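Got the viewer open and a selection box ready? Let's take a short walk, one pick at a time.

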Amino acid sequence: MSGYRDRYKSTPSLEVMIYGHYQMMHMKHCFINKELGYNKLHCNACHKERLYLDDYPLFGDEECHLSVLYKEPVNLCPNVLELKSIGIKHFLIDYTIENDNEM
């Protein structure tokens, strides 16, 4: 960050995800509906239950795109003060597959 400050004479506006699952892969077409025998878009099969590919959680969106997420969520919540001390002002908490109890 000091290199940015030296070059542009300002602090960059950064956002850090302090909780959430990293997206490992994003697919344009959902294979879940084909595997489960649905032959239509927007079947919501990916929202009916939590689905996994091996141990990796899957997350589908309303456009029938499918993402493979990292197994464990990143949790930098204990490090927020340290992140603030180096100039980060914006933080993201991304609840993609967590239910109400897990949040």
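Start by selecting Glu98: with a relative accessibility of 10%, this residue counts as buried, because the cut-off for that label is under 20%. Keep in mind as you go that this is a predicted model. Along the chain, Glu98 lies in the segment that follows strand 7.

Now show side chains around this spot. Which residues does Glu98 touch, once neighbours within four places in sequence are set aside? Tyr19, His21, Arg50 and Met103 are in contact with Glu98. Two of these deserve a distance label. Between the side chains of Glu98 and Tyr19 there is a polar contact of 3.0 Å. The His21 side chain also makes a polar contact with the side chain of Glu98, at 3.4 Å.

Stay on Tyr19 and switch to the cartoon view. What stands opposite Tyr19 in strand 6? Click across and you'll land on Asn75. Next, select residues 15-20, which make up strand 1; strand 1 and strand 6 pair in the antiparallel sense, over two bridges.

Zoom out a little to take in the whole sheet. Here three strands are arranged in the order 6-1-7, the sheet is open and its pairing is mixed. Colour 74-75 (strand 6) and 90-93 (strand 7): these are the edge strands, and each has a single partner, so one side of each has no neighbour in the sheet. If you want the backbone hydrogen bonds on display, this is a good place: strands of a sheet pair through them, either parallel or antiparallel.

On to the other sheet. In what order do its four strands run? Look for 2-5-4-3, an open sheet with antiparallel pairing. At its edges you'll find strand 2 (23-27) and strand 3 (52-53); each has a single partner strand, so one side of each is left without a neighbour in the sheet.

For a closer look, select residues 56-60 and 66-69. These are strand 4 and strand 5, antiparallel and joined by three bridges. Pick Gly60 and find its bridge partner in strand 5, which is Leu66.

Last stop: the cysteines. Select Cys64 and Cys77. Is Cys64 buried or exposed? Cys64 has a relative accessible area of 12%, so it counts as buried. Cys77, at 36%, is partly exposed. As for disulfides, the count comes to zero, so don't expect to find a sulfur pair within 2.5 Å.

Note on methods:
Residues numbered from 1 in each chain as written. Predicted model: local features only at pLDDT ≥ 70, side-chain atom pairs only at ≥ 80, totals over all residues. Heavy atoms only, no water. Pairing = 2+ DSSP bridges. Buried < 20%, exposed > 50% of the residue type's maximum accessible area, 1.4 Å probe, protein only. Polar contact = N/O pair within 3.5 Å; in protein donor to acceptor, adjacent residues only side chain to side chain. Contact = heavy atoms within 4.5 Å.
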